[in-house]
Structure formats: C-alpha cells, structure tokens
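Got your viewer open? Let's take a walk through this one, selection by selection.

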Amino acid sequence: MSYCTLAVIGNFTYPSTSTSNPNPKVSISNSTQRRKEFVSLLKNCKDANQILPIHAKIIRTGHDQDPFILFELLRLSSTLSSVNYASTIFQLVHNPNVFLYTALMDGFVSAGSYSDGISLYFQMINRFIMPDKYVITSVLKACGSHFALREGKEVHCQASKLGLSSNRSITMKLMEFYGKCGEFDDARKVFDKMTERDVVASTIVINCFLDHGLVEQAIEVFDLVRVKDTVCWTAMIDGLVRNGEMNMALEMFREMQKENMRPNEVTIVCVLSACSQLGALELGRWVHSYIGKHHRIELNHFVGGALISMYSRCGDIDEAERIFAMMKERKVITYNLMISGLAMHGKSIQAIEIFRGMIKQGLLPTSFTFVAILNACSHGGLVNLGLEMFHSMSRDYGIPPQIEHYGCIVDLLGRVGHLKEAYNFIQNMEIAPDHVMLGSLLSACKIHGNFELGEQVARILMNHGVVDSGTYVLLANVYASSGKWKEAAQIRAKMKEGGIQKEPGCSSIEVNNEIHEFLLGDLRHPQKEKIYNKLEELNQVLKEAGHIPATDAVLHDIEDWEKEQALAIHSERLAICYGLISTKPCTTIRVVKNLRVCDDCHSMIKLIAKVTGRKIVVRDRKRFHHFENGNCSCGDYW
DNA sequence: CAAAATAGAC
C-alpha cells in the first residue's frame, strides 16, 4: 500500500461550510428551511428502508450538494445501511469538505474497512483539504486497527504541524495507534508527555498490552491505576478472556465485586463468555440472577445472546431456550446462537422450528445460520431435510454454499452410513475437499466399519499435505481398529517427524463455584486418592457389568504407545469420579473436555450413568453428550 | 468526554 502525501500545510484550503445556494432555482430562505427539515428527518431516521426515499427527495429538490444534508445522509447510510451506499453518495459530491470525509471515514472504520478509511484520508490530503481533529482521530483509529505504522506516523507528523498533537482525543488515539502496532516505546513517549495520566489513558495502555498477549504488563499497569472505573475493570476482564485466562478473568470479576465496583452490560457479557468457555454453569447462573436483581443491567441483545450461549455451552439447553423466548429484541445473531446451541445438543427439530420462526420474523439467515441448521440436521440424522436445506440456501436465499456447508453434507451422509454417497458427493463438488471434510468421512468409515473406503480416504488425506494433529490421531486409530499396526505406527512416526504435537486432553468440572481441571492420568488434585479409589471401584463394577475396554481408542490421548498400558486414565474419567465423590447423589454431573470423547470412555460413561443413577453431561470439542440410564443423546455417533 | 462488547463453522 502506498499513499502519496503532500505535507505542505500552507496549501490546505479551509473546509467549506458555506451555505451558498448550489441550485439557483431554489430560493435561499426556502432552501434553508428545507435543509433544516431534511437534517432533522435524517437525524430521526431509524429504518434503513427509509433512506432511499429520503435520498430521492433530496435529489428531486436540488439539495444533493448541500454539505449539511450530505453529512447527515452519509452518517445515516453508513450506520443504518451500508458503507458502500455511503461511498456511492460520496463519489457524487463535487467538492466534499472535511466533514464529509470524516463521515465516510467513520463509516469505513466502523465497518472494519480500515484500508479504505486510510486511503480516503490521503486522498483528502492530496486534494489540499485541511484535516481537523475529528478526521485525524478517525484515521488514527483506522491506522491502529490496520497496523498501518508508516501511514499513522505520517498522520502523527501532520497533527504535530497543525498543532493538534496535544489535543486530548488525538493523544489517546496516538497512544492506541502505537500500542496496537506494538510500538510500545512510542506509545510510552506519548503517555509520558501527557500531563494528565488518568484512568482512560491507562485503560488504553492495558488494552494494548492485552492485544499483544502481554498479560503481566497489563496487570502491572492495572494495579497502578488508583481510581479504577467500570470500563477499566471490564477492559482487564475482557483482555484476560481474550488471552484464554478464564480463571484469572473470573478472579478479577470477584475482586471487582469486593471493591464494590458495579459491572455493566459489557462486563456481564465478558464474564458470561468466560463462564461459557469454562463450562462454569454455577457461576453463570449466579451472573444471570445478578442481572435479574440489578435493574440497571438491561437484558439487551448482547446480554441475552451471551446468556443463551453460556447456558447452551454449559449444558443447560432448556434454560437457553427460556432466555430466548423471553428476549424482546432478537437479531440474526440471537437466532444463530440459539440454533447452534440446539444443534450442539442434538435437538434438531427445535432448531428447525427456531429457523422457521426467524424467517417468519422477516430476518435474513446468514451463511452461519445454515452451518448451524445443517449441523442440527446432521446431529439428528435428518438426511432429507438437511439436503433440502442445502439446496434451499442458494436457491431461496442467494447464499452460495461454502466448504463448511459441503462438509456438513458429507457429515450428514456419513453419519447414517451413506458412505458411498458421501464419497461421490465429494467427487462431484465444485470445490476441492479439505482435510476437515475428509476427516469427517474417515471418521464415518471408522464408525460404520468400512475400512476399505476408510483407507482410500486416508490415502487422499495423506497426500493432502496440511493435516492437523486430530486428523493424524484419527488416521492412526482407523489403522489400529482394522489391525494394521504397522500403518498406525507409521502415522505416529510421521507425526513425530513433522513435529506435530498432540493437544493434551483436558477435562474440567465445576464444584462449588470452582473449576477443577484434570489431565490424562493427573495426580495433581488434593483429593487424588479418593478419586482414584472411586475409579478403581467403578472399574470393578463395570467389569462385572460386562464392560470390555476397547483397545483401538488408546491412540486418542496418549503420547507414546508404551504409556498406554500404564495410564489409560483419560481425563474425563477423573473429572467424573471427582464429581461423583464431591456432589450429592442424583446431582447432574457436567464435564467439559477440550478434545473429543473416545469410544471407550463413551461406552464406559454410559455404564457409569446407569450404575450410579446419575445424569452425566459431557461437552466435547464438537457437541454435547447427555448420558442417562445407559444411553447417550448422541446415539453413539459423534 | 475520552477507554471496554456478542459466536464464528465441516
């Protein structure tokens, strides 16, 4: 990217705010009156569909070059409609002033089209239009978000020449810009020059550190802030969540309570996100009741969506449905969240119903909506409906299928054992298959015992090049299941060769508001003796009940073949055993696992649910398993 | 009157 800049400030023209009448046919007083009317009409407009008629009227009455009207029109169309429309209007303006540039640039920035915003700024400079503090603030935001270091520095120079660099909002944006670009020394320089280093400036610094994964440095700055406000706390909590430090985020939230700082909607959304990633249902419920008790926290679509997501991902899908039913303001994302929640839990029919409701509301489904719906069909074994939906998305909604949608269909067909159809489907696709899709077919081959096709798919996969650790493990498992130990060993060797690390399996369970984490064969828990005794006891009971440990699953979680015999103690078993000894009888046990459950654990958990009379809910990487009375809601396919 | 936000795929 290259921008040509003329730095001769003297050549700049002052922005034209002239009220001169561009259209001689309209009298001045009449025109001023009309302008007022249009401006207030545009300011009060809340519906995107009204922009077009208003715009038409503006043109008809000859006000299409009026800078005041244009300013409002640009703002409105870039927030309500699309920045593309705003851009089209802008191109028809004969002499756009700095305000109009700012309006369009704000549109680009909020749409995430940062490079367009930056180009627009330099186009303005090249037309000798003098930048003001507003347009500089806006372009610095774009430069920061786009990591456009060179361009941002140039803007910094221009701001200095114009005597604007000490302006408060520009200083803030400069700091943010340097921080986002990782230029902490320069950010520091700006920070040091500031006479007033308040909580706002600190919040920016904290946020920049957290953008770069520098958690410790962020905490250091945070601790030095004397008077922290809600935004500052929230920025810290959110940053910890973004850096995967869920427990620290929740700890921070507890501390915030202790200091009597009130959370707002944003804080709640961040905390709920941490809960849902951890599977911390108890804490999530507490946050929910907190919202109920504190009426200054509104159940807007952000909070509602976060609650739906939290309850779905923590295993309480009924509560997620209740929230959804209660919400007054529902957007497409709200529907998407609800549909994928239901899909995760295998509640396909309900997911379809939500989808139909969405269409009835006049909302347009997105590409994501269809992934969620196809997932629901796949998890529920609704082959015909899934195929119908797949055709409908491009035919009725103009959404061309992407690789993910094709992949859903392969999964859908594979699940019910239509392996040949799935294979043919892949061969007839307009796009090349990827390893995820092939992996899903391979997994179907394994489950349905078609090792011939499985090997064929495996060979394609191996030639494919880019394969992730999960796929390697699956490949090795397929070979192992059909007794091809040599091939299985070769895959493992290849993994080692390529330096591909298997993600360690990890399961967690929430007991008394605390998250307990377990790794494979973990011995770190203070109650490890009791846990292992329980496991031993269960193994005995299950053996008597006729459970035979499957041998093909061991490759799932174990680094070395030798470790297998000694440590076939998958993390989910430990988490479940801990749940059994630390909760009252009949309480539902909820476990969250980072990988997918192996065959052996799956059949074992079914039996554990049966002999202990407990409901056991396991969230794995892909979906939920509700174990009850010897059965699982996934119908043994996952 | 500046600073913080939703989930995201086979």
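**Into the sheet**

Start by selecting strand 1 and strand 3: the two pair in the antiparallel sense, over three bridges. Keep in mind throughout that this is a predicted model. To check the register, show Ile509 as sticks and look across to strand 3, where its bridge partner is Val591. From strand 3, follow the chain through helix 32 and on to strand 4; that β-α-β crossover is right-handed.

Now stay with strand 3, residues 589-593, and add strand 4, residues 616-619. In which sense do strand 3 and strand 4 pair, parallel or antiparallel? Parallel, over four bridges. Two residue pairs are handy for lining things up: Arg590 has Val617 in strand 4 as its bridge partner, and Val592 stands opposite Arg619 of strand 4.

Switch to a surface view and colour strand 3. Four of its five residues are buried, so strand 3 is largely enclosed by the rest of the structure.

Zoom out until the whole sheet is in view. This is an open sheet of six strands with mixed pairing, and the order is 2-1-3-4-5-6. Why do strand 2 (514-519) and strand 6 (631-632) have one side without a neighbour in the sheet? Both stand at the edges with a single partner strand each, so there is nothing of the sheet on the other side.

**The helices across it**

Next, select helix 31, residues 571-582. Helix 31 lies across strand 1 (506-511), strand 2, strand 3 and strand 4, and its angle to strand 1 is about 15°. Then pick helix 32, residues 599-612, which you already passed on the crossover. Helix 32 lies across strand 4, strand 5 (624-628) and strand 6, running at about 40° to strand 5.

**Back along the chain to the repeats**

Leave the sheet and colour by annotation. The unreviewed UniProt entry places "repeat: PPR" at residues 97-131, 167-201, 229-263, 300-330, 331-365 and 468-502. Try residues 229-263: the span is 74% helix and 0% strand, with its end C-alpha atoms 10 Å apart. Then jump to residues 331-365, where the chain is again 74% helix and 0% strand, and the end C-alpha atoms lie 10 Å apart.

For a close-up, centre on Ala306 in helix 17, residues 301-313. Is Ala306 buried or exposed? Its relative accessibility is 12%, so Ala306 counts as buried. Leaving aside residues up to four places away in sequence, Ala306 touches Val269 and Leu272. Draw a distance from Ala306 to Leu272: C-alpha to C-alpha you should get 6.1 Å, although 34 residues separate the two in sequence.

**The whole chain**

Finally, clear your selections and show chain A in full. Chain A has 32 helices and six strands, and its C-alpha atoms fill a box of roughly 95 × 60 × 50 Å along the principal axes. Of its 638 residues, 50% are buried. If you compute a contact map, look at contacts between residues at least 6 apart in sequence: 67% of them join residues at least 24 apart. Turn the surface back on to end the tour: chain A exposes about 30,700 Å², with carbon and sulfur atoms supplying 52% of that.

Technical notes:
Residues are numbered from 1 along each chain as its sequence is written. Chains are lettered from A and ligands numbered from 1 in the order in which they are written. This is a predicted model: local features need pLDDT of at least 70, side-chain atom pairs count only at pLDDT 80 or more; totals for chains, interfaces and linings use all residues. Side-chain values use heavy atoms; hydrogens and water are left out. UniProt positions are given in the numbering used here, feature names are shortened, and annotations may be inferred rather than shown by experiment. Two strands pair if DSSP finds at least two bridges between them. Contact means heavy atoms within 4.5 Å. Axes are lines fitted to C-alpha atoms, for helices over the stretch in contact, and angles run from 0 to 180 degrees between N-to-C directions. Buried means under 20% relative accessible area, exposed over 50%, partly exposed in between (1.4 Å probe, protein chains only). A crossover is right-handed if, with the strands pointing away from the viewer, the path from the first strand over the helix to the second runs clockwise. Accessible areas come from the Shrake-Rupley method with a 1.4 Å probe; for residues, only the protein chains shown count as cover.
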